[in-house]
Amino acid sequence: MAAAELRASEGGPLLRIEGLVLKSKAGQPLVSEVDLEIQAGQILGLVGESGCGKTLTGFSCMGLFPAGVYRAQGRILFKGEDLASLEEDQLRKYRGRHLALIFQEPLSALNPVFTVGHQ
């Protein structure tokens, strides 16, 4: 995909998370008040202790939540569109082509023969 295709509308961030709060079905806070912005071409790594919410934050951008977890508040904007407000069938057009997660073992998810951009 060409870099021009990835540019956010009107020069804003490509991905913006505003006030993300994730909770368990029992009401226990799992992720609290996450705010971040990623510009086109920028690389961001989430680091932290085991169990601090890195994976849940990534999954929330994809609209994928483990059983018993839900978004209590916050917005997840991709090119200005609120992904958190989209239905499942609408989210599918973003997954894989525009949004993807790469976990700790990249060789299990990525083919070293191809560039990351190609994959």
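Start by selecting Ser60, which at 4% relative accessibility counts as buried; keep in mind from here on that the model on the screen is a predicted one. Ser60 belongs to helix H2, which runs over residues 54–62. If you leave aside the neighbours within four places in sequence and show what remains in contact with Ser60, you will find Leu20, Leu22, Phe65 and Ile76.

**Along helix H2 to the pocket**

Stay with helix H2 and display the largest pocket, which encloses about 1,600 Å³ of space. Its lining is made up of 42 residues, and those closest to the centre of the pocket are Leu44, Leu99, Ala100, Leu101 and Ile102. Colouring the lining by element will bring out E1, E2 and H2, the elements that give two or more residues to it. Of the elements that line this pocket, H2 gives the most, with 7 residues.

**The two cysteines**

Next select Cys61, which counts as buried at 9% relative accessibility, and then Cys52, which is partly exposed with a relative accessible area of 41%. There is no disulfide to look for, as the structure holds 0 of them.

**Strand E1 and its charged partners**

Move now to strand E1, residues 15–24, and select Lys23 within it. Lys23 counts as partly exposed, at 27% relative accessibility. Its contacts, once the neighbours within four places in sequence are left aside, are with Gln28, Pro29, Leu30, Gly68, Val69, Tyr70 and Ala72. One of these, Ala72, deserves a distance label: although Lys23 and Ala72 are 49 residues apart along the chain, their C-alpha atoms are separated by 6.2 Å.

How many salt bridges should you expect to find in the structure? The count comes to 4, and a good one to select is the bridge between Glu37 and Arg16, where the closest N and O atoms are 3.3 Å apart. Glu37 is in strand E2 (residues 29–38) while Arg16 is in strand E1, so this pair ties together parts that are 21 residues apart in sequence. Both ends can be checked on the surface display: Glu37 is partly exposed with a relative accessible area of 40%, and Arg16 counts as partly exposed at 25%.

From there, select Arg75 and Glu18, which form another salt bridge, with the closest N and O atoms 2.8 Å apart. Because Arg75 lies in strand E3 (residues 69–78) and Glu18 in strand E1, the pair ties together parts that are 57 residues apart in sequence. Arg75 counts as partly exposed at 39% relative accessibility, and Glu18 likewise counts as partly exposed, at 24%. If you now show Arg16, Glu18, Glu37 and Arg75 together, you have one network, joined by salt bridges that share partners.

Then select Arg95 and Glu88, which also form a salt bridge, the closest N and O atoms here being 2.6 Å apart. Glu88 counts as partly exposed, with a relative accessibility of 36%.

**The aromatic pair**

Which rings should be selected to see the aromatic pair? The structure has 1 such pair by the rule used, and the rings are those of Phe78 and Tyr94, whose centres are 5.5 Å apart and whose planes stand at 80°, so the arrangement is edge-to-face. Phe78 lies in strand E3, whereas Tyr94 lies in the loop between helix H3 (88–91) and helix H4 (106–109), so the pair ties together parts that are 16 residues apart in sequence. With the surface switched on, note that Phe78 is buried and that Tyr94 is buried too.

**Two backbone angles to check**

Finish with two residues whose backbone angles merit a look. Select Lys79, which is not a glycine and yet has a positive phi of about 50°. Lys79 sits in the loop between E3 and strand E4 (81–82), and it counts as partly exposed at 26% relative accessibility. The other is Glu33, again a residue other than glycine, where phi is positive and near 55°. Glu33 is placed in strand E2, and with a relative accessible area of 44% it is partly exposed.

Key:
Residues numbered from 1 in each chain as written. Predicted model: local features only at pLDDT ≥ 70, side-chain atom pairs only at ≥ 80, totals over all residues. Heavy atoms only, no water. Helix = DSSP H or I, 4+ residues; strand = E, 2+ residues; numbered from the N terminus. Buried < 20%, exposed > 50% of the residue type's maximum accessible area, 1.4 Å probe, protein only. Contact = heavy atoms within 4.5 Å. Salt bridge = Lys/Arg side-chain N within 4 Å of Asp/Glu carboxyl O. Phe/Tyr/Trp six-rings, centres within 6.5 Å; stacked < 30°, edge-to-face > 60°. Disulfide = S-S within 2.5 Å. 1 Å grid on protein atoms, 1.4 Å probe; cavity = no way out; pocket = protein on both sides within 12 Å on 5 of 7 lines; lining within 4 Å. Points joined across faces, edges and corners; volume = space filled by probe spheres on them.
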